[in-house]
Amino acid sequence: MSKRKDINNLIGTDEEEEELEVAIPNDDYEDLRSKSEEFALSDLAGVGPATAEKLESSGFDSLMAIAVATPSEIVDATGITENAARKLIKDAREKLDMGFESGVDVLKKREKVVKITTGSSTFDEMLGGGFETSSITECFGEFGSGKTQVGHLLAVRTQLLDPNAITVYVDAENTFRPERIIEFANGAGLNPDTVLKNIKVAKAYNSDHQMLLIDKVEELITKQKLNIKLLVVDSLTAHFRAEFVGRGSLAERQQKLNKHMHSLQKIADMYNVCVYVTNQVMSKPDQFFGDPTQAIGGHIVGHASTFRIYLRKGRKGSRVAKLIDSPNLPETECNFFVEKEGIRDA
Ligand code: GTP
Ligand code: MG
């Protein structure tokens with residue numbers, strides 16, 4: 001039997017109950033939640049019993065859930081007008097004091113950010129110390145460039161930060177390999193059994209399923225209190241690309257991807273999770289200068305990601321990673337080798 005677990009099978013199992021003890025709740029989230037519990041849905045302007053029931057049955061069962069929703073999600077759930085949905089969200093945010101934060105508050109939040117190291121000092125340096133929690137890092141590049149290897153490596157090395165940290169690995173391409181986790185765990189001096197136990201793998205069968213799984217991740221954090229520190233989505237775009245073919249469906253694809261990115265951002269930001277997503281490239285034949293490849297998903301994916309890394313094959317089997325987008329770091333490159341037990345500076 002493989003050690004992989006599926007999130008779907010995991011929710012509500014007895015086995016899982018034990019693991020709840022390891023959960024370390026996120027302070028910000030706890031603050032908001034206790035504030036949220038002081039209110040009922042009917043305290044919101046314009047919410048009568050019928051709307052409250054619709055909201056509740058669609059999962060918007062607290063002020064907090066409403067405060068972080070988009071108007072269209074509320075419209076879909078309740079059938080109220082978009083304007084009314086906006087008012088509802090605004091009211092929920094005001095009641096929870098989710099307005100502006102001072103620079104001091106943001107700094108305090110930033111102090112909770114931790115960085116997952118890769119084992120390659122130049123790679124870590126390029127990222128200012130490692131892959132950050134509370135952010136989305138997108139890695140794009142051609143097949144075999146090492147995107148999945150980095151995902152596996154992070155799933156293992158997260159546990160160097162905190163032996164109870166949980167990784168959720170959303171596997172959209174059927175490329176998660178527990179064998180590789182064992183090798184990387186040995187390389188990092190960690191117990192492979194413990195490492196595997198702390199990785200929850202869920203296969204995504206299509207783009208809708210993939211989006212649903214992200215909602216489930218939120219439930220794992222809020223309801224099951226799992227101490228999730230890393231969320232890998234490998235690949236972010238493969239299903240979307242396969243399902244929405246041709247120019248005619250591009251708008252719909254981008255709309256769905258936008259929603260997906262929004263959910264991922266919410267998880268990164270609210271629960272201090274490192275979100276790592278991989279992305280493919282397509283060739284851009286009309287590009288005469290520079291690299292004729294382009295990441296899938298365009299601006300929607302690019303803008304939602306905090307850090308973007310372009311991976312390509314380098315000389316003598318090495319890999320080149322280039323940081324191409326970051327809020328606070330220069331554009332730099334590094335060179336490394338993928339090896340049996342980890343990655344190594346070239
Ligand atoms: P796609 O998902 O196809 O787009 O590619 P990817 O970017 O995810 O590539 P992936 O991370 O799967 O990289 C595969 C490459 O990693 C292989 O071609 C090997 O070069 C390297 N690799 C994987 N496992 C090992 C290993 O055990 N030892 C060594 N030395 N290299 C490995
Ligand atoms: Mg891959």
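## Close-up views of a predicted model

**View 1. The turn-off point of helix 11.** Gly 189 adopts a positive phi of about 75° just after helix 11. The model shown in this and the following views is predicted.

**View 2. The buried residues of helix 11.** Helix 11 spans residues 178-188, and its buried residues are Pro 178, Arg 180, Ile 181, Phe 184, Ala 185 and Ala 188. These residues lie on the same side of helix 11, because the arc they cover around the axis is only 150°. An α-helix has 3.6 residues a turn, so residues three or four places apart point the same way. Among the elements that cover the buried residues of helix 11 are two helices, helix 10 and helix 12 (192-197). The cover also includes strand 5 (199-203), strand 12 and strand 13 (342-345).

**View 3. The shell around ligand 1.** Ligand 1 is surrounded by 14 residues, of which Gly 144, Lys 147, Thr 148, Gln 149 and Val 338 are the closest. By class, the shell holds seven charged, five polar and two nonpolar residues. At least two shell residues come from each of helix 10 (147-161) and strand 12 (333-339). Helix 10 makes the largest contribution to the shell, three residues.

**View 4. Polar atom pairs at ligand 1.** Two of the pairs shown involve an oxygen atom of ligand 1: a backbone N or O atom of Gly 144 lies 2.7 Å from such an atom, and an N or O atom in the side chain of Lys 147 is 2.7 Å from such an atom. A nitrogen atom of ligand 1 is 3.0 Å from a backbone N or O atom of Val 338. The protein buries 63% of the 670 Å² that ligand 1 exposes when taken alone.

**View 5. The surroundings of Cys 139 in strand 3.** Cys 139 belongs to strand 3, which runs over residues 135-141. Its relative accessibility is 0%, and because buried means under 20%, Cys 139 counts as buried. Leaving aside residues up to four places away in sequence, Cys 139 touches Lys 147, Ile 309 and Leu 311, as well as Tyr 276, Val 277, Thr 278 and Asn 279. Lys 147, in this list of contacts, is also among the residues closest to ligand 1. Cys 139 and Ser 305 are 166 residues apart along the chain, and their C-alpha atoms are separated by 9.6 Å.

Note on methods:
Residues are numbered from 1 along each chain as its sequence is written. Chains are lettered from A and ligands numbered from 1 in the order in which they are written. This is a predicted model: local features need pLDDT of at least 70, side-chain atom pairs count only at pLDDT 80 or more; totals for chains, interfaces and linings use all residues. Side-chain values use heavy atoms; hydrogens and water are left out. A residue is near a molecule or strand if one of its heavy atoms lies within 4 Å of it. A polar contact is a pair of N or O atoms within 3.5 Å; within protein, one must be able to donate a hydrogen and the other to accept it, and residues adjacent in sequence count only if both atoms are side-chain atoms. Accessible areas come from the Shrake-Rupley method with a 1.4 Å probe; for residues, only the protein chains shown count as cover. Helices (H or I, at least four residues) and strands (E, at least two) are DSSP runs, numbered from the N terminus. Ala, Val, Leu, Ile, Met, Phe, Trp, Tyr, Cys and Pro count as nonpolar, Asp, Glu, Lys and Arg as charged, and the others, Gly among them, as polar. Buried means under 20% relative accessible area, exposed over 50%, partly exposed in between (1.4 Å probe, protein chains only). Contact means heavy atoms within 4.5 Å. The arc is that of the directions from the helix axis to the C-beta atoms.
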